[in-house]
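Here's a quick walk through this model, written for someone who would rather be at the bench. Have the sequence and the 3D view open as you read.

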Amino acid sequence: MKIDFKNLRLKQKIILIAVASASIALLPACLMFILYERETFPKIMLKNLSNLAQLVGDNSNAALSFNDPKTAQDILNTLKTNPHILSACLYDAQGKVFARFPDNQREIQALGPAERVEKNEITPLSAKLYHVILSGRETAGVLFLESDMKEMDSRVSSYTTMTILVWVFSFLVSFLVASRLQKYVSEPLRQVVDRMKDIARGEGDLTKRLQVHGTDEIGEVSESFNTFVGKLQNVDEMKLGLISVVSHQLKTPVAEINGYIENMLEGVAGELTPRQKKYLESMKGIGQDNYRLISDLLSASKIERGVIAVDLKPVSIKQVVEISVRDYEASIRRKGLSLRLEGMDSDFMIMADKDKTVETLRNVLNNALKCTDKGTISIRVENEPEKGVIEVEDTGIGMSDETMEKLFTKSRMLGKEAGRAGAGLGLYIARSFMKLQKGDIVVRSQIGKGSCFRLELPKLIEGEGAQA
Amino acid sequence: MKRIKPYAVLLALACFLPARGAGISEYSVKSAYLFNFAKFVGWPANAFENEKSPLNIGVLGEDPFGEALDEVVEGKIVGQHPITVLRFDRFETGQAERLRKCQILFIAYSEKPRALQILSSLQGSSVLTVSEIEKFPLLGGMIMFNQAGKRIGLVVNVKAAKKAKLEISAKLLQVSKIFKPERQP
Ligand SMILES: Nc1ncnc2c1ncn2[C@@H]1O[C@H](COP(=O)(O)OP(=O)(O)OP(=O)(O)O)[C@@H](O)[C@H]1O
Ligand SMILES: [Mg+2]
């Protein structure tokens, strides 16, 4: 199993670091523990063996002094009770074998004078010990004991098991502790990251601030991030302020210019040559576009700053459609499209802000015109039990589901596509206006086939109109 | 032939060394026993003149040990007591006081007829009496050398020893036969 440390979540990294360092730190201690035991245990074992030799030697003293091998044999046979003693041999003062355990047939060499000294030897399989038995000041004999190392082996293995258990336990404990404590580090950071992602996606509310926990680096990150968001907010406000001031200043002059162009086209300033008329027609189109853009900008900045107000009054739905269509009839015809109006024979009243509904419908019509090259643009008025509906259907390019998803959000507002396809304000304003009027705007569309935008507004309820 | 010679010498030596141990005579073994008794028997404090006064091993009657006993005890010290050997040719009544100065008294076979007399003269003293005379324990003696096959065994009269305020180590008793008077009427 290979862990790609780089791509682990911070949470996992912290746990991994804690567990790894606890385990690694404990490893030398555990090893030392085992090694120490391996080192000291043979000494303890030799000491025990030597104590045993002392005891047995002392007991066999008289047997050696008074030449009684039978008693000596009895004494050695008591070693049977010690399962670790492999063999034992009692030599007399001359080094001759006096008694032995177990009492088997194998020949044992006599001990030379040089061998009749205290000595011991440890091998991985056994511990051997020669013990000189003193009787008063004289050597009465030598006792040889051989013990196996099973005791040591079992002890070392039990120590090893214990050490491993301790190790596993500390591993688990550090895992649990790290799992619990990691959130103090990773949680605030995750909040920062989440907020960053929101803002990058253009959805975050710039007026909100992160809660700062503590003064450590993470606290600093949160704080710096808050400062950063504050600056972003300032820029955003400045942008909106600028837009609002500029569009406000431009709106009236553009409207006046449009009025003069209208007058001139109507012949107020005298007869026009066909050429003059053609130029004025173009100017009129451009003027209308400019006016719409400026109104949109102003509306958007107002929506953004939350300073927009609606003035709901009973409005004739037919009138709203007529006002909106009037500006587009010529353009639609010029583009070779046909315009169809349905459900316009009967009129009814809706509760709406007339200007805002007109602006919404104009935006929808503008889009339909822009996105349709041939076919028909249909405007349908429907009288539903509780609401009035205006549908604008075209036979244009349609749009993908992804486009539809973000259609009414401000994420496209003055974005990358601004200028090419438009400022990206139209539908955002449409949705905002409709919501403000307790209505709604929805879309259905099929790519290549066309789109249909449906505006819904509450109908005037009897009795309400009398007051208005 | 010349090349083999050193090995032959070594071989001879190797055969000779253990042979010397095996060929220890009966009385050198018994002298060693006599000396060893000093280590396995406890005397009351008043048995010695002082802490460093010698521990006397007496041989009464015809001495069967010869040099062997002197060789064994030479330079030996038990506790703080140096070992000395005292010899008495034969028992005479006037000697009783001198015999009582011994801590261990070996009564030779030659004194068999006077054994009872000797033992009674030692009544009340703390002398460990040792002998090879048959039925020595029955007579009131404390330790008897008892030839049992190859091994020289011991028979101990615990009662007699106790009466003389001697403490015979359990280890010594372990390698001895204990004399039981009721069995030998
Ligand atoms: N009827 C439609 N058919 C196909 N695509 C449409 C239609 N209406 C809108 N769209 C798509 O949705 C996008 C968003 O429209 P919106 O009115 O919000 O902005 P815009 O038209 O690009 O710019 P603005 O209206 O501010 O000048 C358009 O750019 C276009 O791609
Ligand atoms: Mg638009």
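## The two chains

In chain B, take the contacts with a separation of 6 or more: residues 24 or more positions apart account for 60% of them. Bear in mind that this is a predicted model. Chain B has eight helices and ten strands, and 45% of its 185 residues are buried.

Now for chain A. Its secondary structure comes to twelve helices and twelve strands. Of the 468 residues in chain A, buried ones make up 39%. For chain A contacts between residues at least 6 apart in sequence, 66% join residues at least 24 apart.

## Where the chains meet

How many residues of chain A are in contact with chain B? The count is 17, and they touch 17 residues of chain B. Putting the two chains together buries about 1500 Å², with carbon and sulfur atoms giving 57% of that area. On the chain A side, the residues that lose the most area to chain B are A:Phe66, A:Arg137 and A:Glu138, and together they make up 41% of what that side buries.

There's a fair bit of polar chemistry to look at here too. The rule finds three salt bridges across the interface of chain A and chain B. One salt bridge pairs B:Arg151 with A:Asp68, and the closest N and O atoms there are 3.6 Å apart. Eight residue pairs are in polar contact across the interface, counting pairs with both residues at pLDDT 80 or more.

Which elements of chain A give two or more residues to the side that touches chain B? They are α1 (10-65) and α2 (69-77). The largest share comes from α1(A), with six residues. Sorted by character, the residues on this side of chain A are five nonpolar, seven polar and five charged.

## A closer look at α2(A)

Helix α2(A) also has residues tucked away from solvent: A:Thr71, A:Ala72, A:Gln73, A:Ile75 and A:Leu76 are buried. What covers them? From chain A, the cover includes α1, β1 (85-92), β2 (97-101) and β5 (138-148), and chain B adds α8 (170-174). In other words, elements of both chains help to cover the buried residues of α2(A).

## Around ligand 1

Moving on to the ligand, 20 residues surround ligand 1, and the closest are A:Asn367, A:Lys370, A:Asp394, A:Leu425 and A:Leu427. The table lists some polar atoms of chain A and their distances to an oxygen atom of ligand 1.

| Residue | Polar atom | Distance to an oxygen atom of ligand 1 |
|---|---|---|
| A:Asn367 | side chain | 2.7 Å |
| A:Lys370 | side chain | 2.6 Å |
| A:Leu425 | backbone | 2.8 Å |

So, if you're clicking through the site, look for side-chain atoms at A:Asn367 and A:Lys370, but for a backbone atom at A:Leu425.

## One residue on α3

Last stop: A:Ser158, which is found in helix α3 (residues 150-181) of chain A. Is A:Ser158 buried, partly exposed or exposed? Its relative accessible area is 37%, so A:Ser158 counts as partly exposed, since that class lies between under 20% for buried and over 50% for exposed. A:Ser158 and A:Ile34 are 124 residues apart along the chain, and their C-alpha atoms are separated by 9.9 Å.

Methods
Residues numbered from 1 in each chain as written. Chains lettered and ligands numbered in written order. Predicted model: local features only at pLDDT ≥ 70, side-chain atom pairs only at ≥ 80, totals over all residues. Heavy atoms only, no water. Contact = heavy atoms within 4.5 Å. Buried area = accessible area lost by both parts, 1.4 Å probe. Salt bridge = Lys/Arg side-chain N within 4 Å of Asp/Glu carboxyl O. Polar contact = N/O pair within 3.5 Å; in protein donor to acceptor, adjacent residues only side chain to side chain. Helix = DSSP H or I, 4+ residues; strand = E, 2+ residues; numbered from the N terminus. Nonpolar A, V, L, I, M, F, W, Y, C, P; charged D, E, K, R; others polar. Buried < 20%, exposed > 50% of the residue type's maximum accessible area, 1.4 Å probe, protein only. Near = heavy atom within 4 Å.
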